[in-house]
Amino acid sequence: MKVMKFGGTSVGTPQRMKEVTELVVKSGEPVLVVLSAMSGTTNSLVEISDYLYKKNPDGANEVINRLEQKYLRHIEELYDSEEYKQVSNEFLHDEFQYLRSFTKELFTSFEEKSIVAQGEMISTNLVTNYMKQQGIDVVLLNALDFMRTDKNAEPDPIYIKDKLSAILEKEGKHQVYITQGFICRNAYGEIDNLQRGGSDYTASLIGAAINAEEIQIWTDIDGMHNNDPRVVDKTQPVHQLHFEEAAELAYFGAKILHPTCVQPAKYAGIPVRLLNTMDPDAEGTTISNATEYGKIKAVAAKDNIIAIKIKSSRMLLATGFLRKVFEIFESYQTPIDMVCTSEVGVSMSIDNSAHLGEIVDELKKYGTVTVDTGMCVVCVVGDLDWSNIGFETRVLDAMKNIPVRMISYGGSNYNISFLIREEDKKRALQALSATLFN
């Protein structure tokens, strides 16, 4: 069985829902479909929650009414059958009455998560009803019955596998199984969500749980490109990536995929394909545990980076110096992107400035601190194992006219990164494309 995940834009209109149905049926084999909320719906649900936090039920009801009218129009476009129009109208009536019920109660983050979960509930019900209208053998599975996180807010793979396997066995064989992405229950049984990666994470967890043949992530672009198409002309989709290459690109700016969400598929050895709902015949990008040896794949960039340098003569041979430095960042829950050390100093980059002032104050206990803002990390990804003689030279040659603040190489076999000024990003990406791909 394959897992097919469709994002918010892929189910963003009644016409898109019909196109998704065609893609699902076209596969000709049993599939498990994971759907996001229709594009724009989650924003509206968050807005409703915001009004309720501010104790403004009138504002919340106005957004609820507007959203309800939008969906009622969708029903008229989506269904030909009066039977399924009625079924879906009744479902929507119950859904929006449920949303209105929150305007009369004490409102906390628990209620907010229940509200936000309704976007996926609505999209999956509407698509399931449309497939039934078309005579497709489809069953809707409630993700809240099997998708759960543990006390550390991490997915519980054993629970997910056991519960989902039992549900699928009970339901028997069907052509299509549909479920919600993003939403889950936490260890205490409360409605929650997966946060990082959202519906992509759901698809990967389900794929690993059922040992799927393949996990397909359908979006509105044709896979990961070898550079940023907003900055560089004539970029090309990358047809094959190793899981670690994909994670590096995702972390350093390729927004099509969250770096965390493919981990379950990676550990289960299940390939992930990134495909385009607007161009279903495009090859897209396949991510697996296979490496294409001797090939540089892509370039990505991450903006809003801050470089912090701490210089100290006491650092030389000082046991525990780096531990003390890293503990400061840990205490303020601020991840470090890059690290470079010398005998008298250490430079780091971060992308979260929320606690920059406090971090700098703490670091000043151990040395002289300088901060550079407005920086950018440019990442080159591919088979960059140190035994590939000359690969790093090609990359450095492309960067010969760009001032570089830091270089990171050797921490991974798949990545060499440069910290540069944001104003130099466009020149750097274009130079790397010209040297590496053209």
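# Briefing: aromatic pairs, strands and cores

The count of aromatic pairs here comes to 4. One of them is Y53 with F107, in an edge-to-face arrangement. The structure is a predicted model. The points below cover aromatic rings, two strands and their partners, the nonpolar cores, one buried serine, and two residues with positive phi.

**Aromatic rings**

- A pair of aromatic rings is described by the distance of the centres and the angle of the planes.
- For Y53 and F107, the centres are 4.9 Å apart and the planes meet at 80 degrees.
- Y53 sits in helix α2 (residues 41-53), while F107 sits in the loop between α4 (82-101) and α5 (109-116), so the pair ties together parts that are 54 residues apart in sequence.
- Y53 is partly exposed, because its relative accessible area is 38%.
- F107 has 12% relative accessibility, so it counts as buried.
- Y98 and F102 also form an edge-to-face pair, at 5.0 Å centre to centre and 80 degrees between the planes.
- Y98 is partly exposed at 32% relative accessibility, and F102 is buried at 9%.
- Y159 has a charged residue over its ring: R148 lies over the face, at 3.8 Å from the ring centre.

**Strand β1 and its neighbours**

- Strand β1 spans residues 2-6, and 5 of its 5 residues are buried.
- Both faces of β1 are covered. K2, M4 and F6 are buried on one side, and V3 and K5 are buried on the other.
- β1 runs parallel to strand β7 (residues 214-219), joined by 5 bridges. K2 has E214 as its bridge partner in β7.
- β1 also pairs with strand β2 (residues 31-35), in the parallel sense and over 5 bridges. M4 has V33 as its bridge partner in β2.
- Between β1 and β2 the chain passes through helix α1 (residues 14-26), and this β-α-β crossover is right-handed.

**Strand β16 and its neighbours**

- Strand β16 spans residues 415-421 and is mostly covered, with 6 of its 7 residues buried.
- Strand β14 (residues 368-382) runs antiparallel to β16, with 7 bridges between them. C376 has I420 as its bridge partner in β16.
- Strand β15 (residues 406-409) is also antiparallel to β16, through 4 bridges. Y409 has I416 as its bridge partner in β16.
- β15 and β16 form a hairpin with 5 residues between them. In the turn, G410 has a positive phi of about 110 degrees.

**Nonpolar cores**

- In soluble globular proteins, nonpolar side chains tend to be buried together.
- The largest nonpolar core has 58 residues. Which of them touch the most other members? They are M147, I206, M224 and L257.
- Helix α8 (residues 198-210) supplies the largest share of this core, 6 residues.
- Apart from this core lies another, of 41 residues. Among its members are M17, L23, V24 and I115.
- Beyond residues up to four places away in sequence, M147 touches I160, I183, C184, R185, L194, T202, L205 and I206.

**S349, a buried serine**

- S349 lies in strand β13 (residues 345-350).
- Is S349 buried or exposed? Its relative accessibility is 0%, so it counts as buried.
- Leaving aside neighbours within four places in sequence, S349 contacts I305, I306, A307, P335, I336, D337, M338, V377 and L419.
- S349 and V369 are 20 residues apart along the chain, and their C-alpha atoms are separated by 13 Å.

**Positive phi outside glycine**

- Most residues other than glycine have a negative phi.
- F182 has a positive phi, near 75 degrees. F182 lies in the loop between β4 (176-180) and β5 (183-185).
- F182 counts as buried because its relative accessible area is 17%, which is under the 20% cut-off.
- N304 has a positive phi too, near 60 degrees. N304 lies in strand β11 (residues 296-311).
- N304 counts as exposed because its relative accessibility is 57%, which is over the 50% cut-off.

How values were computed: Residues are numbered from 1 along each chain as its sequence is written. This is a predicted model: local features need pLDDT of at least 70, side-chain atom pairs count only at pLDDT 80 or more; totals for chains, interfaces and linings use all residues. Side-chain values use heavy atoms; hydrogens and water are left out. A nonpolar core is a set of buried Ala, Val, Leu, Ile, Met, Phe, Trp, Tyr and Cys residues joined through side-chain atoms within 4.5 Å. Buried means under 20% relative accessible area, exposed over 50%, partly exposed in between (1.4 Å probe, protein chains only). Helices (H or I, at least four residues) and strands (E, at least two) are DSSP runs, numbered from the N terminus. Contact means heavy atoms within 4.5 Å. Rings of Phe, Tyr and Trp (its six-membered ring) pair if their centres lie within 6.5 Å; planes under 30 degrees apart count as stacked, over 60 as edge-to-face and the rest as tilted. A charge sits over a ring if NZ of Lys or CZ of Arg is within 6 Å of the ring centre and within 35 degrees of the ring normal. Two strands pair if DSSP finds at least two bridges between them. A crossover is right-handed if, with the strands pointing away from the viewer, the path from the first strand over the helix to the second runs clockwise.
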